[in-house]
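Colleague: I would like a close look at one part of this model, the paired charges. Please take the salt bridges slowly, then set them in the wider fold.

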Amino acid sequence: MPKPLPSAADQQVFDRLSADSHVDLILPDLNGLLRGKRVHRDALPKAYADGVCLPMSLIATDITGNTVEETGLGYDIGDEDRICRVIPGSLRPVPWEPVAGAQCLLEMEDAGGAFEASPRSVLQRVLRGYDALGLTPVVAVELEFYLLDARLGADGLPRVATNPATGAPDRATQVYYLQDLADHRDFIDGVAAACRTQGVPADTAVAEYAPGQFEINLRHRADALAACDDALYLKRAVKAVATAQGRQASFMAKPFVDQAGSGLHVHVSLRDRDGRNPFASTPEAPAAALRHAIAGLQAACEDCMLLFAPHANSYRRFVLNAFVPLNDCWGHNNRTVALRIPHSDPDNVRIEHRIAGADANPYLVVAAVLAGMLDGLRAGREPTPPVTGNAYAQTALREPYWRQSLERFARSAFVERHFGTRFRHIYAAQKQRELRTWEREVTPLDIAWYLRTV
């Protein structure tokens with residue numbers, strides 16, 4: 001008989017698996033893509049006991065799945081394997097497969113400890129700074145996405161999924177429209193059922209600011225790592241349920257030129273050792289801790305833009321009057337700012353960080369948000385005055401670009417201090433490779449503009 005799994009919760013999931021079940025061992029890479037291995041149920045106890053071997057280069061493969069030699073993790077080290085350990089408590093059922101299986105998360109090791117460039121490890125290092133201050137971040141992630149047809153249109157572009165009630169794609173923008181949720185009930189209910197089965201605390205579903213766009217919110221957790229695990233599981237469930245129903249779900253930041261992009265919003269409050277929220281205050285007299293945290297986020301914004309907007313398409317989301325922040329301003333109950341203080345009672349004041357796209361890695365986004373707040377709390381910085389009303393009309397607007405974000409990240413002392421020199425090098429090298437590949441591509445727009453006219 002194999003030894004029992006180290007977590008009682010994992011053991012319960014394991015015991016419910018059938019003899020034909022498989023388990024996906026998931027290693028999230030720097031882009032947030034899920035890499036790893038699929039093993040038979042009976043191989044799982046050995047994976048818990050001994051770990052599994054995976055190439056170190058997997059952490060920093062580019063968005064197309066190729067090894068990035070500039071990271072130093074490929075041929076330079078003989079494309080070495082590293083042991084990847086199952087994270088106890090991460091085993092969850094996978095109800096959408098023909099034979100119900102399971103999935104669990106892996107953490108890559110290096111030199112006897114967690115690999116410093118792995119996304120979870122990056123976040124763990126930031127959290128140690130809060131431990132030293134006697135503070136616990138309370139985090140929730142909101143994710144927007146599009147529900148699309150499984151196949152591209154004749155023009156090679158994505159199409160909004162057919163509405164089951166009308167037999168045609170939705171064309172109007174009906175934000176928070178309950179009929180859209182009713183029309184797509186099978187999909188929404190399928191995602192909700194998958195989340196319940198997996199213990200993912202999905203809370204609210206809304207129709208968003210474009211046809212076919214939805215948002216699913218996750219409840220707050222006093223465990224930032226678990227909050228990001230929830231986001232990872234939710235994204236996989238959304239995609240899997242859509243595929244099972246003959247559709248496609250996409251977390252691409254900007255799939256349509258003339259429609260809203262999809263964001264990843266992070267809600268954060270704090271708890272001290274006595275369970276009190278240091279942000280507790282009113283809009284008329286914001287708490288010192290709240291002001292300092294906001295100032296830290298403002299100071300870190302440009303250094304961390306590559307984490308909030310990691311891909312070429314990410315930057316197409318930053319357009320005027322689309323509820324996407326174009327600077328680092330803040331305000332109370334205001335969706336035109338980057339750092340929003342949502343309406344709440346004084347004891348539950350929190351910051352909503354609205355900059356990141358849904359295509360970003362949740363572990364790295366949350367790490368960047370918490371690191372910025374930490375700097376502000378330590379230094380006692382003061383933010384700019386809060387904005388009331390339309391921030392687009394009152395503030396200087398910035399249009400971020402991929403190359404500038406990469407160059408800023410690669411030389412950032414903030415990134416080096418919080419995330420480590422090695423992570424900064426590996427992530428910058430990965431993005432530099434993707435940028436060079438993207439810039440060499442000849443696109444349909446090149447052909448349309450230049451083939452006959454020059």
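Modeller: Start with R354 and E352. These two side chains form a salt bridge, with 3.1 Å between the closest N and O atoms. Keep in mind that this is a predicted model. Is R354 buried or exposed? The cut-off for buried is under 20% relative accessible area. R354 has 4%, so this arginine counts as buried. E352 has 2%, so the glutamate is buried as well. Both partners of this pair therefore fall under the cut-off.

The general idea is simple. Side chains of opposite charge can pair when their charged atoms come close.

Now take D230 and R221. Their closest N and O atoms are 2.5 Å apart, and the two form a salt bridge. How accessible is each partner, D230 and R221? D230 has a relative accessible area of 1%, so the aspartate is buried. R221 has 26%, so the arginine is partly exposed. This bridge thus joins a buried acid to a partly exposed base.

The next pair sits in a helix. K431 and E434 form a salt bridge, and their closest N and O atoms are 2.8 Å apart. Where do the two residues lie? Both are in helix α13, which covers residues 421-440. They are three residues apart, about one turn of the helix. K431 is buried, and E434 is buried too.

Not every bridge need be read as a pair. E80, R82, D110, E116 and R422 are linked in a network of salt bridges. R82 and R422 are the arginines named there; E80, D110 and E116 are the acids.

How many salt bridges does a search of the whole structure find? The count is 29. The wider charge balance is as follows. The chain carries 49 positive and 55 negative side chains. The centres of these two sets lie 1 Å apart.

Now the fold around them. The chain has 14 helices and 15 strands. Its C-alpha trace spans about 65 × 55 × 50 Å along the principal axes. Does the radius of gyration suit a compact globule, or what value would one have? For 454 residues, a compact globule would have a radius of gyration near 22 Å. The chain has 22 Å, so the two agree.

Burial and contacts fill in the picture. Of the 454 residues, 56% count as buried. Take contacts between residues at least 6 apart in sequence: 72% of these join residues at least 24 apart. The chain exposes about 19900 Å², and carbon and sulfur atoms supply 52% of that area.

Two backbone details are worth a look as well. D79 is not a glycine, yet its phi is positive, near 50°. D79 is in the loop between β3 (52-55) and β4 (81-86). With a relative accessible area of 35%, D79 is partly exposed. F323 also has a positive phi, about 60°, and is not a glycine either. The loop that holds F323 runs between α8 (305-308) and β13 (330-332). F323 has a relative accessible area of 37%, so this residue is partly exposed.

Back to the charges, to close. R354 and E352 pair with both side chains buried. K431 and E434 are both buried too. R221, the partner of D230, is partly exposed.

Key
Residues numbered from 1 in each chain as written. Predicted model: local features only at pLDDT ≥ 70, side-chain atom pairs only at ≥ 80, totals over all residues. Heavy atoms only, no water. Helix = DSSP H or I, 4+ residues; strand = E, 2+ residues; numbered from the N terminus. Rg over C-alpha atoms; globule rule 2.2 N^0.38 Å. Buried < 20%, exposed > 50% of the residue type's maximum accessible area, 1.4 Å probe, protein only. Contact = heavy atoms within 4.5 Å. Areas by Shrake-Rupley, 256 points an atom, 1.4 Å probe, with all protein chains shown as cover. Lys, Arg positive; Asp, Glu negative; His and termini not counted. Charge placed at Lys NZ, Arg CZ, Asp CG, Glu CD. Salt bridge = Lys/Arg side-chain N within 4 Å of Asp/Glu carboxyl O.
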